[in-house]
Amino acid sequence: MHYFTISDLAHEFDVSTRTIRYYEERGLLSPIRTESGQRLYTKKERAKLKLILRGKRFGFSLDEIHEMISLFDEDRTGKKQLEKTVEYGRRKLKEVSERIEDLLQLKAEMEALLSDFERRLREWEESDG
């Protein structure tokens, strides 16, 4: 069986070893320990880390990620995990859409304000000229 060290995974996924240890502390990863205490990660643990990092990139909490990952252990078909992922995904997509709307509104307000400032500046320059 092929194992990965914590350094291997940190380098591969461009994260710190501290981050990986933190995920272990939170119960998201379970490396094998050698007699000397070195952490060794299986392909399954590597896949979990990949899912964790993808979940974080999409804005899921570690608790949500933990639930989605642990569901696969409960139901090897992956159906429960997929259902929960879809549920969380819909919720996250709604949040992202709301943030986009907020940002578009902020952008419009900033553009209007900037346009007003530029108009006032032109008027000032024309009156000084």
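In this predicted model, three strands form an open sheet in the order β1-β3-β2, and their pairing is antiparallel. The edge positions belong to β1 and to β2 (32-33), each of which pairs on one side only. Between β1 and β3 the antiparallel pairing extends over 2 bridges. Within this arrangement, T5 stands opposite L40 of β3.

**Surroundings of the sheet**

The segment before β1 (4-5) contains Y3. With a relative accessibility of 34%, Y3 counts as partly exposed, because the partly exposed class covers values between 20% and 50%. Y3 also contributes to a nonpolar surface patch, which it makes together with M1 and I32. The area of this patch is about 340 Å².

F4 has a charged neighbour: R46 lies over the face of the F4 ring, 5.8 Å from the ring centre. A second arrangement of this kind involves R57, whose charged end sits over the ring of F58 at 4.9 Å from its centre.

**Aromatic pairs**

Two descriptors are used for such contacts: a pair of aromatic rings is described by the distance of the centres and the angle of the planes. A search of the whole structure finds 2 aromatic pairs. In one of them, the ring centres of Y22 and Y23 are 6.3 Å apart and the planes meet at 50 degrees, so the pair is classed as tilted. Tilted is the class for plane angles that are neither under 30 degrees nor over 60 degrees. Y22 is partly exposed, at 33% relative accessible area, whereas Y23 is buried, at 7%.

The other pair is made by F60 and Y88, with ring centres 6.5 Å apart and planes at 50 degrees, so this pair is tilted as well. F60 lies in the loop between α3 (43-57) and α4 (62-74), while Y88 belongs to helix α5 (residues 79-128), so the contact ties together parts that are 28 residues apart in sequence. F60 is buried, its relative accessible area being 9%. Y88 likewise counts as buried, at 9% relative accessibility.

**Salt bridges**

The structure holds 17 salt bridges. Three of them are listed here by the separation of their N and O atoms.

| Salt bridge | N to O distance |
|---|---|
| R33 and E24 | 3.3 Å |
| E24 and R39 | 2.6 Å |
| R91 and E64 | 3.8 Å |

E24 takes part in a salt bridge with R33 and in another with R39. The contact between E24 and R39 links distant parts of the chain, since E24 lies in helix α2 (residues 17-25) and R39 in strand β3 (residues 39-41), 15 residues apart. E24 is buried, with a relative accessible area of 19%; the limit for that class is under 20%. Its partner R33 is partly exposed, at 43%.

What do R91 and E64 tie together? R91 is part of helix α5 and E64 of helix α4, so their salt bridge connects parts that are 27 residues apart in sequence. R91 is partly exposed, with 39% relative accessible area, and E64 is buried, with 15%. Both residues belong to a network in which salt bridges with shared partners join E64, E67, K84, E87 and R91.

**A backbone feature**

Which residue has a positive phi although it is not a glycine? D14 does, with a phi of about 55 degrees. D14 is found in the loop between α1 (6-13) and α2. Its relative accessible area is 71%, so D14 is exposed.

Conventions:
Residues are numbered from 1 along each chain as its sequence is written. This is a predicted model: local features need pLDDT of at least 70, side-chain atom pairs count only at pLDDT 80 or more; totals for chains, interfaces and linings use all residues. Side-chain values use heavy atoms; hydrogens and water are left out. Patches are made of residues with over 30% relative accessible area and no salt bridge: like charges are joined within 9 Å, nonpolar side chains (Val, Leu, Ile, Met, Phe, Trp, Tyr) within 5 Å. Accessible areas come from the Shrake-Rupley method with a 1.4 Å probe; for residues, only the protein chains shown count as cover. A salt bridge is a side-chain nitrogen of Lys or Arg within 4 Å of a carboxyl oxygen of Asp or Glu. Helices (H or I, at least four residues) and strands (E, at least two) are DSSP runs, numbered from the N terminus. Buried means under 20% relative accessible area, exposed over 50%, partly exposed in between (1.4 Å probe, protein chains only). Rings of Phe, Tyr and Trp (its six-membered ring) pair if their centres lie within 6.5 Å; planes under 30 degrees apart count as stacked, over 60 as edge-to-face and the rest as tilted. A charge sits over a ring if NZ of Lys or CZ of Arg is within 6 Å of the ring centre and within 35 degrees of the ring normal. Two strands pair if DSSP finds at least two bridges between them.
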